[in-house]
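Work through the exercises below with the sequence and the model at hand, trying each task before reading its solution.

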Amino acid sequence: MSQENLSAPELPVLIAGAGPTGLTLACELARRGVEFRLVEASPGPRPGSRGKGLQPRSLEVFDNLGVIDRILANGRSAMPIRLIDPDGRTSGGPTYEERPDVPYPATVITPQWRVEETLRRHLDELGGTVEFGTALESFEQSADAVTAVLRSGDQTETVGAQWLVSCEGGRSVVRKQAGIAFEGETDERIRMIVADLAVDGIDRDAWHMWRCEEGFVSLCPLPSTELFQYQAPILGETDLDLATLQTILDRRSGRSDVRLRSPEWTSVWRSNTRLAARYRNGRVFLAGDAAHVHSPAGGQGMNTGIQDAHNLGWKLAAASPALLDTYESERRPIAAGVLQLSTARMAEAAKQRSIPIRSDRATTQLSVNYRGSVLARDDRADSAQLRAGDRAPDAPGLTTATGERRLFDLTRGGQFTLLNFGPRFDSTVRTFHVVAHPSAADEIADSAGHLARAYSPTERTLVLLRPDGYIGLISDAGDFAAVTEYLL
Ligand SMILES: Cc1cc2nc3c(=O)[nH]c(=O)nc-3n(C[C@H](O)[C@H](O)[C@H](O)COP(=O)(O)OP(=O)(O)OC[C@H]3O[C@@H](n4cnc5c(N)ncnc54)[C@H](O)[C@@H]3O)c2cc1C
C-alpha cells in the first residue's frame with residue numbers, strides 16, 4: 001500500500017545516506033542549528049571495518065567537531081606495519097613527523113563502523129537523528145525547491161526541501177537521476193577480498209603484511225574490537241568462504257600456525273575509479289563516494305568524503321548561492337588529485353606485491369588547499385610560504401585567560417576566526433586578538449612563538465580563518481576593510 005504525505009518545502013536540507021559523509025554533514029548542520037532530515041536506506045547501522053584509516057586532516061575535522069576523544073579512544077595512532085618477505089625479512093613503516101603546527105601527525109586505524117557510531121552518537125547529542133530504513137527513491141527540482149520521494153517499506157512520502165545532498169555512496173540514485181556523468185573506468189579483473197574475523201597465532205601489536213610471488217595477504221588488528229581486517233587480492237578464487245581465506249593466508253604467508261575463525265563481515269572490493277562530472281546540479285549536491293570512487297590504496301576515500309562534508313556544511317548553513325558555487329570549484333579538483341594519487345599507489349602495490357604503506361604530505365591530506373579559489377584573498381608577497389587558501393596551521397603554547405591552549409582549541413566549533421597580530425597591546429608580550437564573534441575579543445599571548453613561526457606575520461597582519469579551518473584572507477597590510485568585505 002502506498003501513502004502520499006505532501007509537505008511544503010520548508011525543510012532546508014535533505015541528506016540521503018548516513019555513511020561517514022552524510023553523518024559528518026548532518027553534524028555540521030546540527031551544530032549550526034540548520035534543520036535537516038538524514039535518511040538511510042539500510043535498516044540499521046552497517047557492519048564492516050571498510051575505510052579503517054583516518055588521516056591527520058580528518059582528525060583535525062573531528063577535533064573541530066568535538067568528537068576527537070571518542071575517535072582516538074577507539075583507534076590506534078601510528079600502528080606499526082610489519083612487512084614480511086618470503087625469506088622472513090621484515091621491514092616496517094610508516095614514518096611521520098612531529099610538528100608544532102600538526103596536532104595529529106599520524107594516521108589512526110579504527111573500523112569505519114566505529115567512526116559512524118561516534119558521529120551518530122554526536123548527532124544524537126546535537127538533537128539530530130538518522131532515519132534508518134528510509135531510501136530516497138526519486139526526486140525532481142524547480143528553481144525554488146527539491147521534491148523527493150522517500151520509501152520506508154511499502155510507505156512512500158513526498159518531501160520538499162530547499163537543498164538535497166546525495167551522500168549515497170558510489171551507486172547514488174540522485175547522481176543518476178540528475179544526469180551527472182560518473183566518468184572513469186571499472187576493471188573487473190582487479191578485485192580484493194576484505195573481511196573482519198578473529199585470528200589465533202599472531203599478536204595485535206602491528207599490521208601484518210606478507211608478500212610473495214603470487215601477491216599479498218594482510219591482517220590488521222582492528223582497535224576497540226577482538227577482530228582483524230583481512231585483505232587479499234583475488235587471483236581466480238571463486239568461493240570466498242573461511243576455508244578459502246585460510247588457504248590464501250597459508251599459501252601467501254608460508255605459515256600454518258595462524259588460524260582464522262568467526263568471520264563477522266566479508267566483502268569484495270572491485271576496481272572502480274570514477275569522478276562525477278559535476279558536484280552540483282541546481283539545488284542538488286553530491287558528496288563523498290557519490291562524487292568520487294577509487295582504490296583503497298593510500299586510504300583516501302572516507303577521508304575525502306568527510307572533508308567534502310566539512311567544506312559544504314558551513315556553506316549550506318549560510319545558504320548563499322555564490323558561496324555554494326565554491327563547493328564544486330574547491331572540492332572537485334581535490335578529488336581529481338586523490339584519484340591520481342590512489343591510482344599511482346595501486347600501481348605501486350601491484351609492483352611491490354603489498355599495500356602501499358607510505359604516509360606523506362599527500363596521504364595525510366594536510367597539503368589540501370584552496371589557493372586560487374574566489375574565497376582565497378591575500379596581499380602577501382608571492383614568495384610567502386603561507387597563503388590564503390592553505391590549511392590554517394595549528395600552534396600550541398598560547399597563554400590565554402583560561403590557561404595554556406592550542407590555536408585549534410580556540411577555533412573549535414566551526415566559526416570564522418580573526419587573528420589580529422597587531423598593533424602591540426603591551427610592551428613585553430606580543431599579543432593579538434582571536435575574534436570568534438566581533439563582539440567577543442580575547443587577548444592571547446604567543447608565549448612559545450609557535451603562532452608567529454606558523455603565520456610569519458608583520459606587525460599589522462590580519463588572518464581570517466574560515467569555519468572549515470582554511471585561511472580565507474591574509475592581509476599583511478592590516479586592511480580591516482578587506483576583512484569586513486570578505487564577511488559581507
Ligand atoms: C576495503 C576497503 C578499504 C578502504 N580503506 C579506506 C581507508 O583506509 N581510508 C579511507 O578514507 N577510505 C577507505 N575506503 C573507502 C571508504 O570505505 C568509502 O570511501 C566511504 O565509505 C565513503 O563514505 P560515504 O559516506 O561517502 O559513502 P558510503 O559509506 O557508501 O555510505 C553511503 C550510505 O548511503 C546509503 N544509501 C545509498 N543509497 C541511498 C538512498 N537512495 N537513500 C538513502 N540512503 C542511501 C547506503 O546504505 C550507505 O549507508 C575503503 C573501502 C574499502 C571497501
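**Exercise 1. Find the residue that Gly53 stands opposite, and describe the sheet around this pair.**

Solution. Gly53 stands opposite Ile109 in β7. The model is a predicted one, in which local features need pLDDT of at least 70 and side-chain atom pairs count only at pLDDT 80 or more, while totals for chains, interfaces and linings use all residues. Residues are numbered from 1 along each chain as its sequence is written. Strands are DSSP runs of E with at least two residues, helices are runs of H or I with at least four, and both are numbered from the N terminus.

The next step is the pairing: β3 is joined to β7 (residues 108-109) by 2 bridges, and these strands run antiparallel, where pairing requires that DSSP find at least two bridges between two strands. Widening the view, 3 strands form an open sheet with antiparallel pairing, in the order β3-β7-β4. Because β3 (53-54) and β4 (76-77) stand at the edges with a single partner strand each, one side of each is left without a neighbour in the sheet.

**Exercise 2. Determine how α1 is oriented relative to α7 and to α4, and which residues make the contacts.**

Solution. Begin with α7: the axes of α1 and α7 lie 8 Å apart and the helices pack at an angle of about 30 degrees, with axes being lines fitted to C-alpha atoms over the stretch in contact and angles running from 0 to 180 degrees between N-to-C directions. The two helices are therefore roughly parallel to each other, since angles under 35 degrees count as roughly parallel, over 145 as roughly antiparallel, 65 to 115 as roughly perpendicular and the rest as oblique. The crossing is right-handed. Among the residues in α1 that meet α7 are Pro20, Thr24 and Leu25, and their counterparts in α7 include Met302, Ile306 and Trp314. By class, this contact has 10 nonpolar, 5 polar and 2 charged residues.

Turning to α4 (residues 112-125), its axis and that of α1 come within 9 Å and cross at roughly 20 degrees, which makes α1 roughly parallel to α4. The crossing of α1 and α4 is left-handed. The contact is made by residues including Leu23, Cys27 and Ala30 of α1 and Val115, Leu119 and Leu123 of α4, and its residues divide into 8 nonpolar, 3 polar and 2 charged.

**Exercise 3. Work out the orientation of α2 and α7 and the make-up of their contact.**

Solution. The axes of α2 (residues 56-65) and α7 come within 9 Å and cross at roughly 40 degrees, and α2 and α7 are therefore oblique to each other. Arg57, Ser58 and Val61 of α2 make the contact with Asn303, Ile306, Gln307 and His310 of α7. This contact comprises 2 nonpolar, 4 polar and 1 charged residues.

**Exercise 4. Identify which helix supplies the largest share of the shell around the ligand, and what classes of residue form this shell.**

Solution. The elements that each supply at least two residues of the shell are α1 (20-31), β2 (36-40), β9 (135-141) and α7 (301-318). Of these, α7 gives the largest share, 4 residues. The shell divides into 13 nonpolar, 15 polar and 6 charged residues.

Technical notes. Ala, Val, Leu, Ile, Met, Phe, Trp, Tyr, Cys and Pro count as nonpolar, Asp, Glu, Lys and Arg as charged, and the others, Gly among them, as polar. Two residues are in contact if their C-beta atoms, placed from the backbone, lie within 7 Å. A crossing is left-handed if the near helix is turned anticlockwise from the far one by less than a right angle, and right-handed if clockwise.
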